[in-house]
Amino acid sequence: MTEKAGAQFKVLLGDDRSEHALAALALLEELPLAAGTDVTVFRAYSPTQATDVVLMEDALNQTCARLKQKGFTAHPELLLGVPTVKFLKHAEEQKPDLIIIGAKGLRATTGILVGGVAQQVVEYAPCPVLVVRAPYRGLRQVMFVTDGSAASQHTLEFLCQLPLPKESRLWVLHVLTPPPLPMVFMQTPLGGAPVAMIDDLQNAELQEKEEKEGQFLVDHDCRVLAAHGKPATALLKRGDAASEIIAAVREHSIDLLVTGSRGHSPIRSWMMGSVSRKLVHYSGCSVLVVRQKPVS
C-alpha cells in the first residue's frame with residue numbers, strides 16, 4: 001500500500017449481517033483512517049434469496065450510515081450471483097487497498113473455523129485481506145510475523161502505512177527452524193569411507209548463527225516500525241512455525257495477526273502458503289494476510 005490521502009484510500013467491506021461481519025464493521029470503525037476514506041459495503045446473494053433483497057438493501061444502507069457518522073465516504077453494493085465470484089470480481093475491477101471480511105458468514109456450516117467466502121478471498125484477492133473474528137474486543141495487541149522474505153518485507157511496508165488505534169501494542173515475531181538432530185561420523189552399510197554428519201558442536205554453532213540472524217531481523221523490523229511511529233517488541237522463537245506463532249498468539253492475547261502469504265529467505269524461510277492458511281484457520285484471532293507483489 002502506498003500512502004494515500006483521504007478519499008483516495010479504498011476499503012472493500014463484506015457485510016452479510018453475520019456476527020463476524022458485524023465484528024469486521026466494528027474493527028473498521030476503530031481504525032483511525034483519514035476522513036473521507038472510501039468504503040464499499042458489499043454483499044452478493046443467490047436467486048433463492050431474491051425475496052429478501054429489500055431487507056438486504058436496508059441492512060447495507062444502515063451500515064453505510066454508521067460509517068458516514070465516523071467520517072467515511074460509504075456506499076452500498078448489492079449484486080446477484082455467487083458471493084465469492086462477485087466479491088473477487090469486484091475487487092479485481094475496483095482495486096481496493098484493503099478488504100475486510102468476517103471469518104464466517106450467515107450460512108456457514110456449524111463448527112467450521114473459516115467460511116468458504118473468506119477462505120477463497122484470502123487465497124485469490126489481489127490485495128491485502130483482513131479476516132475478522134467475532135467477538136471483536138479491539139486491537140490492543142497486534143503481532144507481525146516475519147521470515148525476512150520479500151513477502152514479509154512487503155507486509156512490513158503495508159503495516160507501516162496502516163493506521164492503528166493509539167492504544168495498540170505491536171509485537172514482531174520470527175520463528176527459527178527446529179534444531180537439527182545431533183549426529184556424528186557414521187560408517188556406510190557397505191564399509192566405505194565414513195560419512196561426515198553434523199555433530200553437537202556444529203549444531204550449537206549453526207543454532208547460534210541462526211539466532212543472531214533472527215535477532216537482527218526482528219530488531220530491524222522493530223526499528224522500521226518505530227520510524228513510522230509504531231514502536232514494537234521483538235520476539236524470537238524456535239520450532240514449528242505455525243505452532244509457535246499460534247502459541248505466541250495465545251500467550252500474548254493477540255487481537256490481530258499480520259502475515260505475508262508467500263516467500264523465501266536466506267535465513268531458512270518458513271513463510272509458505274500452508275503456514276498462512278494455518279494461521280487464518282487456527283490462530284483464534286483476526287488475521288491480516290498481505291500478498292507479495294507480483295514480479296513484473
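A crossing of two helices is called right-handed if the near helix is turned clockwise from the far one by less than a right angle, and left-handed if the turn is anticlockwise. With that in mind, the tour can begin, on the understanding that the model in the viewer is a predicted one.

**The whole chain**

Start with the protein chain in a cartoon view, where eight helices and ten strands can be picked out. Of its 296 residues, 48% count as buried. If you turn on contacts between residues with a separation of 6 or more, 79% of them in the protein chain join residues that are 24 or more positions apart.

**First stop: α1 and α2**

Select residues 19-30, which form α1, together with helix α2, residues 53-69. The axes of these two helices come within 10 Å and cross at roughly 20°. Because angles under 35 degrees count as roughly parallel, α1 is roughly parallel to α2. Seen with the convention given at the start, the crossing of α1 and α2 is right-handed. To display the contact, show the side chains of L25, L28 and E29 on α1, and those of T63, R66 and L67 on α2. Colouring the contact of α1 with α2 by class gives three nonpolar residues, one polar residue and two charged ones.

Before leaving α1, step back along the chain to R17, which lies in the loop between β1 (10-14) and α1. R17 is not a glycine, yet its phi is positive, at about 70°. With a relative accessibility of 28%, R17 counts as partly exposed.

**Second stop: α3 and α4**

Next select helix α3, residues 83-94, and helix α4, residues 116-124, which pack at an angle of about 35° with their axes 9 Å apart. Here too the handedness can be read off, since α3 passes α4 in a right-handed crossing. On the α3 side the contact is made by P83, T84, F87, L88 and E92, and on the α4 side by G116, V117, Q120, V121 and Y124. By class, the contact of α3 with α4 is made up of six nonpolar, three polar and one charged residues.

Continue to K95, in the loop between α3 and β4 (98-102). K95 has a positive phi, about 50°, although it is not a glycine. Is K95 buried or exposed? At 60% relative accessibility, K95 counts as exposed.

**Third stop: a cis peptide bond**

Zoom in on A134 and P135 and look at the bond that joins them, which is a cis peptide bond with an omega of about -5°. P135 is placed in the loop between β5 (129-132) and β6 (141-145).

**Fourth stop: α5 and α6**

Select helix α5, residues 150-161, and helix α6, residues 200-227, whose axes are 10 Å apart and which pack at an angle of about 30°. It follows that α5 and α6 are roughly parallel to each other, and their crossing is right-handed. Which residues make the contact? From α5 they are Q153, L156, L159 and C160, and from α6 they are L217, H220, D221, V224 and L225. Sorted by class, the contact of α5 with α6 contains six nonpolar, two polar and one charged residues.

**Fifth stop: A234**

Move on to strand β8, residues 232-238, and select A234 within it. A234 has a relative accessibility of 29% and therefore counts as partly exposed. Leaving aside residues up to four places away in sequence, A234 touches V172, Q215, V218, D219 and C222. For a distance to check in the viewer, take A234 and F216, which are 18 residues apart in sequence and 9.9 Å apart in space from C-alpha to C-alpha.

**Last stop: the cysteines**

Finish by selecting the cysteines and asking how many disulfides there are. A disulfide is a covalent bond between the sulfur atoms of two cysteines. When a disulfide is taken as a pair of cysteine sulfur atoms within 2.5 Å, the count comes to zero. Two cysteines to centre on are C127, which is buried with a relative accessible area of 8%, and C285, which counts as buried at 5% relative accessibility. Both fall in that class because buried means under 20% relative accessible area.

Conventions
Residues are numbered from 1 along each chain as its sequence is written. This is a predicted model: local features need pLDDT of at least 70, side-chain atom pairs count only at pLDDT 80 or more; totals for chains, interfaces and linings use all residues. Side-chain values use heavy atoms; hydrogens and water are left out. Buried means under 20% relative accessible area, exposed over 50%, partly exposed in between (1.4 Å probe, protein chains only). Axes are lines fitted to C-alpha atoms, for helices over the stretch in contact, and angles run from 0 to 180 degrees between N-to-C directions. Helices (H or I, at least four residues) and strands (E, at least two) are DSSP runs, numbered from the N terminus. Angles under 35 degrees count as roughly parallel, over 145 as roughly antiparallel, 65 to 115 as roughly perpendicular and the rest as oblique. Contact means heavy atoms within 4.5 Å. Ala, Val, Leu, Ile, Met, Phe, Trp, Tyr, Cys and Pro count as nonpolar, Asp, Glu, Lys and Arg as charged, and the others, Gly among them, as polar.
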